[in-house]
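Trainee: Could we go through this fold together? I'd like to ask my way from one piece to the next.

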Amino acid sequence: MAKQVMTSSLMPLYLQVVGNIKYAIDSGKYKVGDKIPTEAELGEQYGVSRITVRRAVSELVEAGYLVKQQGRGTFVKSSRDLMMVQHRTDLEVQSFSEACRNSGYAPGSIETEHCVREAAPDECAFLGLSEGDEVISFTRVCLADSTPIMIETNVFPRAGFEFLVDAKLGGISLYKLIEEKAGKVPHMVGECRISSTRADAVLADVLSVSVGEPLFVFTAQYNDQDEKPLYMGVQRVVGSRYTFAF
């Protein structure tokens, strides 16, 4: 029996269903060519409405996991060359490098943008900065076995993190670096906003996917171990290459 979704989770129900079906495919429960259960059956298994199931199935069809055959049902279309699976009961912080190794892949990253700039109002509000204070903003493409998994943008206050100004952040573990240099260990605070979007031409080129590829968007704020504001981050994740298993 499939595990029902978590109604108390911050992740929307349809994305949880997407993750569960993807995990069933990637783990071999549903094999290439297999017919998956009907919308009604999946709704009963996961404890959600048929509308929620329909949206989840549509996402998986768009991502190339499933194919609908008129009058016959929905079938597993193909397997994926690479799939990171992250087992968790909530959205607790785990470094990308750690999640990558746990899935059996070699982590990597390519830095695409790095700058020092004046903090935006929302950054001042969370990070406790004043107007005119500076932040360090950098964007990286995170890789698993050289395959792009996500593009992330992180924003740190400049004060206390001067070592990030000239740091070469490609190919290293960010969490390990800030723990070694600043003695900080991050954890998520407040709301983690999770939404979905599709890759435009720029993101498609950076992430090596087709234009229109479904992406998960994670927007979150992080404190350190002393409950002091640490940084803000946004991740755009290729949904067909990354699964959260609840």
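Trainee: How many of the 14 residues of α1 are buried?

Mentor: This is a predicted model, where local features need pLDDT of at least 70 and side-chain atom pairs count only at pLDDT 80 or more, while totals for chains, interfaces and linings use all residues. Numbering starts from 1 along each chain as its sequence is written, and side-chain values use heavy atoms, with hydrogens and water left out. Buried means under 20% relative accessible area, exposed over 50%, and partly exposed in between, with a 1.4 Å probe and protein chains only. Among the covered residues of α1 are Gln 16, Asn 20 and Lys 22, and the buried total for α1 is eleven.

Trainee: What span should α1 have at 1.5 Å a residue?

Mentor: Helices are DSSP runs of H or I with at least four residues, strands are runs of E with at least two, and both are numbered from the N terminus. The expected span is 1.5 Å times one less than the number of residues. The end C-alpha atoms of α1 are 20 Å apart, which agrees with the expected value for its 14 residues: 20 Å.

Trainee: Which helix gives the most to the largest nonpolar core?

Mentor: A nonpolar core is a set of buried Ala, Val, Leu, Ile, Met, Phe, Trp, Tyr and Cys residues joined through side-chain atoms within 4.5 Å. This one has 50 residues, and Leu 42, Leu 66, Phe 156 and Leu 164 touch the most other members. With seven residues, the top helix contributor is α1.

Trainee: Where does Glu 123 sit, and is that residue buried or exposed?

Mentor: Glu 123 belongs to helix α5, residues 121-127. Contact means heavy atoms within 4.5 Å, and beyond its neighbours within four places in sequence Glu 123 is in contact with Arg 117, Gly 128, Val 135, Val 155 and Met 232. Its relative accessible area is 8%, so Glu 123 counts as buried.

Trainee: Why is one side of β4 and one side of β7 left without a neighbour in the sheet?

Mentor: Two strands pair if DSSP finds at least two bridges between them. The open sheet has six strands in the order β4-β5-β6-β9-β8-β7, with antiparallel pairing. β4 (107-118) and β7 (187-198) stand at the edges, so each has a single partner strand.

Trainee: Which residue of β8 is the bridge partner of Val 189?

Mentor: β7 and β8 (residues 214-223) run antiparallel and share nine bridges. For Val 189, the bridge partner in β8 is Gln 221.

Trainee: At about what angle does α6 run to β6?

Mentor: Axes are lines fitted to C-alpha atoms, for helices over the stretch in contact, and angles run from 0 to 180 degrees between N-to-C directions. Helix α6 (residues 174-182) lies across β5, β6, β8 and β9, and its angle to β6 is about 30°.

Trainee: In the hairpin of β1 and β2, which residue takes a positive phi?

Mentor: β1 (residues 66-69) and β2 (residues 73-76) are antiparallel and joined by four bridges, with Lys 68 partnered by Thr 74. Three residues lie between the strands, and the one with a positive phi near 80° is Gly 71.

Trainee: How many disulfides does the structure hold?

Mentor: A disulfide is a pair of cysteine sulfur atoms within 2.5 Å. Cys 115 is partly exposed at 25% relative accessible area, whereas Cys 124 is buried at 13%. The disulfide count is zero.
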